[in-house]
Amino acid sequence: MSFFRIFSASALICCLSGSGALAQTTADIRIVQGGENVVWKAAPPMFPSGTRMSFLYGASDKPGPFTMRVMMPAGSTIPPHTHNMDEMLTVLAGSVHHYIGESITANDEKILTAGGFVHLPPNVPHALKAGTQGAIVQVSGTGPFTMTYVNPQDDPQHTNR
């Protein structure tokens with residue numbers, strides 16, 4: 001058999017294998033064409049009152065990738081907390097004051113505006129405070145996702161929201 005025939009047969013097998021894999025993943029495609037198509041719901045009680053949330057892909061309480069959006073009211077704060085997974089956060093609208101550490105101090109403050117991004121490894125304590133216009137952030141990670149407040153009394157689940 002000539003080199004050309006072996007090469008052509010190998011290329012054909014690779015193409016057919018690839019197209020089969022592509023066809024198997026099309027059921028998993030999720031497209032949101034614009035912000036007006038995002039469906040917002042009240043966030044779980046672990047978030048401050050008035051916070052809204054939308055899951056664009058996956059579910060944070062199940063194994064696998066997820067992407068969610070969080071709409072924070074102006075001036076609302078998510079006190080110092082940690083996550084059990086890598087967190088990727090992008091500011092889509094408004095601004096947030098992002099703090100790294102077990103307390104909120106101006107020394108650790110970074111103000112993130114639309115387009116700002118943060119990656120945090122697991123178990124890094126951090127906090128967020130929405131700016132004067134509020135904020136919409138997008139969070140991506142691999143579930144299951146947990147959120148543990150550094151100071152358990154800061155957990156909104158244990159207060160009168």
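The lining of the largest cavity is made up of 11 nonpolar, 2 polar and 1 charged residues. Keep in mind as you look around that this is a predicted model. That cavity holds about 90 Å³ of space, and the structure has 2 cavities of 30 Å³ or more. Around them runs a chain with 1 helix and 9 strands.

**The largest cavity**

- To find this cavity on your screen, start from Phe47, Ile78, Glu87, Leu128 and Val139, which lie closest to its centre among the 14 lining residues.
- Four strands each give at least two residues to this lining: β3 (64-72), β4 (77-83), β5 (87-100) and β8 (126-143).
- Glu87, one of the residues closest to the centre, is the charged residue of this lining, because Glu counts as charged and the lining has 1 charged residue.

**The second largest cavity**

- Here the volume is about 30 Å³.
- Its lining consists of His83, Met85, Glu87, Leu120, Pro121, Asn123, Val124 and His126.
- Sorted by class, those residues come to 4 nonpolar, 3 polar and 1 charged.
- Glu87 is worth a click, as this residue appears in the lining of the second largest cavity and also among the residues closest to the centre of the largest one.

**The salt bridge**

- A search of the whole structure turns up 1 salt bridge.
- The partners are Lys62 and Asp61, whose closest N and O atoms are 3.9 Å apart.
- That distance qualifies because the cut-off for a salt bridge is 4 Å.
- Lys62 has 47% relative accessibility and therefore counts as partly exposed.
- Asp61, at 54% relative accessibility, counts as exposed, because the exposed class begins over 50%.

**The chain as a whole**

- Reading from the N terminus, you meet the elements in the order α-β-β-β-β-β-β-β-β-β.
- The chain has 161 residues, and 35% of them count as buried.
- Among contacts between residues at least 6 apart in sequence, 71% join residues at least 24 apart.
- The accessible surface adds up to about 9,600 Å², with 59% of it belonging to carbon and sulfur atoms.

Methods
Residues are numbered from 1 along each chain as its sequence is written. This is a predicted model: local features need pLDDT of at least 70, side-chain atom pairs count only at pLDDT 80 or more; totals for chains, interfaces and linings use all residues. Side-chain values use heavy atoms; hydrogens and water are left out. Buried means under 20% relative accessible area, exposed over 50%, partly exposed in between (1.4 Å probe, protein chains only). Contact means heavy atoms within 4.5 Å. Accessible areas come from the Shrake-Rupley method with a 1.4 Å probe; for residues, only the protein chains shown count as cover. A salt bridge is a side-chain nitrogen of Lys or Arg within 4 Å of a carboxyl oxygen of Asp or Glu. On a 1 Å grid over the protein atoms alone, a cavity is a set of points where a 1.4 Å probe fits but cannot get out, and a pocket is an open set with protein on both sides within 12 Å along at least five of seven lines; lining residues have an atom within 4 Å of a point. Grid points are joined across faces, edges and corners, and a volume is the space filled by probe spheres set on the points.
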